[in-house]
Amino acid sequence: MKVLPLFALLFAITGWILIGWTTVILLSGDDEGRTCYTDCVQMIFFSGLGAIVVALVVDGFALKYSDARALIYTGLGLAAPLGLIYATLILIGVLA
């Protein structure tokens with residue numbers, strides 16, 4: 001059953017793409033020069049967060065039900081650091 005780890009890997013890669021896209025948007029210049037404003041940035045940010053949560057949950061199920069350990073650990077290796085990045089960003093946003 002290699003579908004679960006592949007699904008989780010796809011969501012982890014999607015999460016990395018979305019956090020990269022958010023970073024590019026936020027660093028693209030002053031507010032007047034941007035094409036994507038607050039609502040757009042929030043949508044992209046929280047879509048990436050959702051992708052990472054789904055990736056971690058699916059990897060958790062895959063650890064129990066799948067035998068493709070290399071794919072599972074690759075997915076966790078991509079999803080866990082990005083989950084920590086998102087957790088740090090949210091913690092900074094709450095405390096600031």
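Helices here are DSSP runs of at least four residues, numbered from the N terminus. With that settled, the first pair to look at sits in helix H1: Phe7 and Phe11 are 4 residues apart there, so about one helical turn separates them. Please keep in mind throughout that this is a predicted model.

I will stay with that pair for a moment. A pair of aromatic rings is described by the distance of the centres and the angle of the planes. The structure holds 3 aromatic pairs. In the one formed by Phe7 and Phe11, the ring centres are 4.7 Å apart and the planes stand at 80 degrees. Edge-to-face means over 60 degrees, so this pair is edge-to-face. Neither ring belongs to a residue in the buried class: Phe7 is partly exposed at 37% relative accessibility, and Phe11 is partly exposed too, with a relative accessible area of 24%. Elsewhere, Phe45, Phe46 and Tyr86 make up one aromatic cluster.

Now the overall layout. The protein chain contains 3 helices and 0 strands, and the pattern along the sequence reads α-α-α. Its C-alpha trace spans about 50 × 25 × 15 Å along the principal axes. Of the 96 residues in the chain, 30% are buried. Take the contacts with a separation of 6 or more: 72% of them are between residues 24 or more positions apart.

Next, helix H2, residues 38–65. H2 has 28 residues, and the distance from its first C-alpha to its last is 40 Å, close to the 40 Å expected at 1.5 Å a residue. Which residues of H2 are buried? They are Val41, Ile44, Phe45, Gly48, Ala51, Ile52, Ala55, Val58, Asp59 and Ala62. Note that the list includes Asp59. The buried residues of H2 pack against H1 and H3.

Val57 is also in H2. At 45% relative accessibility, Val57 counts as partly exposed, because that class lies between 20% and 50%. Val57 and Ala12 are 45 residues apart in sequence, and their C-alpha atoms are 11 Å apart in space.

On to the largest pocket. Its volume is about 330 Å³. The lining has 17 residues, and those closest to the centre of the pocket are Thr22, Leu26, Val41, Gln42 and Phe45. Where does the lining come from? Helix H1 (3–26), H2 and helix H3 (69–95) each supply at least two residues. H2 gives the most, with 5 residues. Sorted by class, the lining has 10 nonpolar, 5 polar and 2 charged residues.

One of the residues closest to the pocket centre deserves a separate look, and that is Thr22. Thr22 is found in helix H1. Is Thr22 buried or exposed? At 5% relative accessibility, Thr22 counts as buried, since the cut-off for buried is under 20%. Leaving aside residues up to four places away in sequence, Thr22 touches Val41, Ile44 and Phe45. Those three are among the buried residues of H2. Val41 and Phe45 also appear with Thr22 among the residues closest to the centre of the largest pocket, and Phe45 belongs to the aromatic cluster with Phe46 and Tyr86.

That is what I have on this model.

Technical notes:
Residues are numbered from 1 along each chain as its sequence is written. This is a predicted model: local features need pLDDT of at least 70, side-chain atom pairs count only at pLDDT 80 or more; totals for chains, interfaces and linings use all residues. Side-chain values use heavy atoms; hydrogens and water are left out. Buried means under 20% relative accessible area, exposed over 50%, partly exposed in between (1.4 Å probe, protein chains only). On a 1 Å grid over the protein atoms alone, a cavity is a set of points where a 1.4 Å probe fits but cannot get out, and a pocket is an open set with protein on both sides within 12 Å along at least five of seven lines; lining residues have an atom within 4 Å of a point. Grid points are joined across faces, edges and corners, and a volume is the space filled by probe spheres set on the points. Ala, Val, Leu, Ile, Met, Phe, Trp, Tyr, Cys and Pro count as nonpolar, Asp, Glu, Lys and Arg as charged, and the others, Gly among them, as polar. Rings of Phe, Tyr and Trp (its six-membered ring) pair if their centres lie within 6.5 Å; planes under 30 degrees apart count as stacked, over 60 as edge-to-face and the rest as tilted. The expected span of a helix is 1.5 Å times one less than its number of residues. Contact means heavy atoms within 4.5 Å.
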